[in-house]
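Q: Hello! I'd like a close look at a single part of this protein, and then a sense of what surrounds it.

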Amino acid sequence: PTLSLTSYANYRVHGRIHPIVTEFTIDTGAAVSLVRQDVWSRAAKDDGLQLVPWLGQTLVGVNGSPLQTHGQGLLQFTLQDKTFEASVIVTNDLKVEVILGVDFLRKYSCVIDCGCKTLCIPFKHISMQFLGSTAPPVREV
């Protein structure tokens, strides 16, 4: 049989979007990075960030429902003392504030070290907080 981990735990890192302190969820199951509408609006008010229409494919959430997107924008943020820039899709269909998806992880050659609970970005190791059980349930498929 094939074994599959259920998606019920995740890693988060603390950071800043300009003056806004927020949590960034590290999600290897997300193809693109996402930011919740209210977080984008607060950042845009301070920095005049602009959205352009999202012309990509329909995005689907973890529950299989399509995400309502408001556009795509370029977001600068800080994790510890290092500044990053990522293209993000803005949606109000998120329970978390920001998701750093595979697009961000690839762009910055990130490595997730689950044993040490660190997000390793070249020349930077950022501590992560694990949310969920230490032994997520495994189900047979």
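Which residues does T91 touch, not counting residues up to four places away in sequence?

A: Happy to help! A word on the ground rules: this is a predicted model, in which local features need pLDDT of at least 70 and side-chain atom pairs count only at pLDDT 80 or more, while totals for chains, interfaces and linings use all residues. Residues are numbered from 1 along each chain as its sequence is written, and side-chain values use heavy atoms, with hydrogens and water left out.

Leaving aside residues up to four places away in sequence, T91 touches L34, V35, R36, Q37, L67, Q68 and H70; a contact here means heavy atoms within 4.5 Å. T91 belongs to strand β6, which covers residues 82-91. Strands are DSSP runs of E with at least two residues, helices are runs of H or I with at least four, and both are numbered from the N terminus. With a relative accessible area of 0%, T91 is buried. That word stands for under 20% relative accessible area, with exposed meaning over 50% and partly exposed in between, using a 1.4 Å probe and protein chains only. A polar atom of the T91 side chain also lies 3.1 Å from the backbone nitrogen of D93.

Let's follow the strand outwards. β6 is joined to strand β4 (residues 33-36) by four bridges, and the two run parallel. There, L34 stands opposite I89 of β6, and L34 is also one of the residues touched by T91. β6 also pairs with β5, in the antiparallel sense, over 10 bridges. Two strands count as paired if DSSP finds at least two bridges between them. One of the bridge partners across β5 and β6 is the couple G73 and V88, the latter in β6. In the hairpin formed by these two strands, two residues lie between them, and Q80 takes a positive phi near 55°.

Next, the nonpolar interior. In soluble globular proteins, nonpolar side chains tend to be buried together. A nonpolar core is a set of buried Ala, Val, Leu, Ile, Met, Phe, Trp, Tyr and Cys residues joined through side-chain atoms within 4.5 Å. The largest such core here has 29 residues, and F77 and F104 have the most contacts inside it. At least two of its residues come from each of β2 (10-17), β3 (20-26), α1 (37-47), β5 (69-79), β6, β7 (98-100), α2 (102-107) and β9 (118-121). Apart from this core lies another, of eight residues, including L34, L59, I89 and I99. Not counting residues up to four places away in sequence, F77 touches R16, I17, F24, K82, T83, F84, A86, L100 and F104.

Two further residues are worth a visit. T25 sits in strand β3 and is buried, at 5% relative accessibility. Its side chain makes a polar contact (3.3 Å) with the side chain of R12. Such a contact is a pair of N or O atoms within 3.5 Å; within protein, one must be able to donate a hydrogen and the other to accept it, and residues adjacent in sequence count only if both atoms are side-chain atoms. D103, in helix α2, is partly exposed, with a relative accessible area of 27%. D103 and V32 are 71 residues apart in sequence, yet 5.4 Å apart in space, C-alpha to C-alpha.

Elsewhere, three strands form an open sheet in the order β8-β9-β10, with antiparallel pairing. β8 (111-113) and β10 (124-127) stand at the edges with a single partner strand each, so one side of each has no neighbour in the sheet. Three bridges join β8 to β9, and V111 has C120 of β9 as its bridge partner.

You may wonder about the cysteines. A search of the whole structure finds zero disulfides, a disulfide being a pair of cysteine sulfur atoms within 2.5 Å. The closest cysteine sulfur to that of C110 is in C120, and because it is 8.9 Å away, it is too far for a bond. C116 is in no disulfide either, the nearest cysteine sulfur, that of C120, being 7.5 Å away. C110 is buried at 16% relative accessible area, whereas C116 is exposed at 54%.

Stepping back, the chain has two helices and 12 strands, and 37% of its 141 residues count as buried.
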